Amino acid sequence: MKIPRLCTNIESILLKITTANILLLAYPLYGFEVSHRIGTGTSFSKASLVNACSTLRGETFSSKCNPALFPYSTSEGVSFTMTGKSDGDSIENGREIIFDPITEPLLRRLFTEKNFNSFTFETDLSFKSTLFELTYSPYYLMADLFIFNPAFPEISVNLANREALKLTTGTEIYKGDWFNSSLGFNLFYYDHLYANTIFSLADLAITRAENLIQFSRYNGISGDVGLYFSNETTFFPDFSFQAKNIATKIKKNELRQESATYQEALFLFENYYTVGVGKKISTIYGAVDVGIEQPFHFNEKTNQSSLNYTAASLRYNLSLIAFSIAGSKYFQSFALEFNSKNFNVGVAYTKDSETLGRQKNREDAIYSGLEINL
Amino acid sequence: MLYRLTLLLLIFLSISCAGKKEEADQNQQVIQGIIDDLNSDNADAALATIDLKLKENPANEEMLYWKAQAYAIKAGIDVYSLFPLMKLKFFDVAISEWGQMMKYSKRDRETVSRVTGNDKKSDTQEKIEQRKKEIKEMDDSEITFEITEPYHTPNRLSSKDPSIPDSKDLFEISYSAYINSPLLLEKFYWYTQLIYEYEPTIDEINERVNKEFPRLVIRQNALQQLNKKMERIAQQKNSQGMVRILFALFDGIDVIKKSPTLNSTKVSYIYDAVTLLEEMSKYLPSKEHRLSKNGMRHTGLLSSLLIINAIKESVDLNKIKEPIDFICHVDTDKLIANYGQLRFGFLHSRSILEDSGFSERNGDNFDNFIKLLENSPEELDENTKIMHKYRINLIKDNNC
């Protein structure tokens, strides 16, 4: 066989194998990953933007998206915020399960259509000055339930209750004619109570619930670092980079990530990174912010699962009222916010698949948020 | 071209290294798919996937577990078919009230244990055993007794004849009396014959009996009486146990009626599911493993349902008005035909009974029952069937 023909044959084979590998990569390679719209240290606006707001500066919630945006925030004072899922299938199912006798139609619905149910809630109290922001979050609550196997029913629960005290600060590190950059930090103490377990209905029948679910605790100090690069052009985007939960004791559990039954909530408590791209376009009719965010982990077996978290957002701000549309592959939302000097309230209509497509039906839910500024 | 080839090779290598699908990822993905199929009530699709994986590795414990779950669904045993039973126990109250309900269910579980088997030896039986030991170890000198109601009949056997040397008067005394002793539960009748060379008085006879009476006889009688008492107590307990079982069945009639009805195909799936779960447990590292615990409990559930199904098929539940009707309205032929189900069910519910502490509370009776089942044949031959049919009909005739 002549060498050129040999090379052609090898090339052809390699091309086929590479194509096959690419196709394989398109197929999900992860276990039971779960994602949440509401994370720790969040706000309603951040949640409604599917966390794609790390370049959205000048808003009261900007420093929650990226501590490097702290220098651009001018508000001062005390604020109280609450964000949570207020309606949806999970809420309805939870209410029916806990407070009403269980019926057969409910059981069928739970197994066939809505075997994953989730509830998240966050509240915090902040004191903000031009130099720093001090935030106390008494509650970040997360409750994920996955019910499976009608032959011998089991329930996988992932519960977390987090209390944190956070200090945020930042500064501009470079201010030029065309290009600016800033650096910001969050330093926080966390007290993290969690339980991630599976029990059967038989266990529930013979054991008290408090003995079935044994909570463990992590506490410690962790931090976030954020970088923000902006420019004065109209269309050239701004960039951000963040390292989240540095030095946290909570690690991504790879066994749970590969498990079909144990849940792993990702991009929440463990160390991860984000890169963001965005731009604010100010017009006489209001400001439009667009952003794209990509969270990821280093040293992961595969980064394919991170692609499912890529989120994009668009926010149209008319000062007293703001509309936003945001989405990723599995999270979509439309939100409305009413902002005044002392009182902000928001409602978001969402269509989410917190199990990243594992559950066939997406959940239609309503998130609401309240912010009181003093 | 070489540049293209090199570039392609680099891409190929980088993608292959970065995106190589590991066996663990594949396995868990497969399990995800199986769980999703089972949740959607698509057991056939789940079985197709499972059988492929088991061909690669027949000892894959996770696949064996899921196969058993799929078979249980094929047998119609799932949370939906068991819903009427679960409603009785749990679902009639909201979860927020289960805490209160648990306090009462603990008492029910202990009741089942007391009802369905004999208790351990009672205090009386233990005392009897202790007493027997004392009597066996007692010295003869410690055994006292008294003779009451003595009666004697003299009988001259021979008279002395001066003409015959060595001739003498001989009297045979037929002697009877009641012997009483602190060792005995009740006095006993004793008879003997005594030889005298003169005609003795009753006092002389009594004195001789007092001296020569063998203490062994008292000891033997005492032990015999205690053994009979033990037998009576055991018989009483058996009868009580049978009555309690009948009452338990009567109390559980709602559960029996509401439990799923199984045809021969479904029974066969249950047999397979239980066999798979027991095979799976051999490959698991410990009994505390999640699949091991689930397997044991699921085995217990499936086995119990087999027993209940056998009862349901063998007894006309609509005619049950009182506990004894479980005997009177049993269809003997069907009961014998369901022998296999009953045997399988009791044998394989052993693990859950051990786990619940039932076997510990019922001691030897439980072990003896299990041994009896293990030694019994899987199927009865015709002669044995006829014998059992005769016995069951005899019980029915005697009680109904």
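In this predicted model, the secondary structure of chain A amounts to nine helices and 16 strands. Chain A has 374 residues, and 54% of them are buried. What share of the contacts with a separation of 6 or more links residues 24 or more positions apart in chain A? The figure is 63%. As for the surface, about 16500 Å² of chain A is exposed, with carbon and sulfur atoms contributing 65% of that area.

Moving on to chain B, there is an open sheet made of three strands, laid out in the order S1-S2-S3 and paired in antiparallel fashion. Strands S1 (146-158) and S3 (188-196) of chain B sit at the edges; each has just a single partner strand, so one side of each goes without a neighbour in the sheet. On average, and ignoring direction, neighbouring strands here are turned by 15° against each other.

A look at the pairing of S2 with S3 in chain B fills in some detail. Strand S2 of chain B covers residues 170-180 and runs antiparallel to S3(B), with nine bridges joining the two. Which residue of S3(B) stands opposite B:Ser176? That place is taken by B:Tyr191.

The sheet also has a helix packed on it: H8 of chain B, spanning residues 202-212. Helix H8 touches S1, S2 and S3 of chain B, so its contacts take in both edge strands, S1 and S3. The direction of H8 makes about 110° with that of S3(B).

Conventions. Residues are numbered from 1 along each chain as its sequence is written. Chains are lettered from A and ligands numbered from 1 in the order in which they are written. This is a predicted model: local features need pLDDT of at least 70, side-chain atom pairs count only at pLDDT 80 or more; totals for chains, interfaces and linings use all residues. Side-chain values use heavy atoms; hydrogens and water are left out. Helices (H or I, at least four residues) and strands (E, at least two) are DSSP runs, numbered from the N terminus. Buried means under 20% relative accessible area, exposed over 50%, partly exposed in between (1.4 Å probe, protein chains only). Contact means heavy atoms within 4.5 Å. Accessible areas come from the Shrake-Rupley method with a 1.4 Å probe; for residues, only the protein chains shown count as cover. Two strands pair if DSSP finds at least two bridges between them. Axes are lines fitted to C-alpha atoms, for helices over the stretch in contact, and angles run from 0 to 180 degrees between N-to-C directions.
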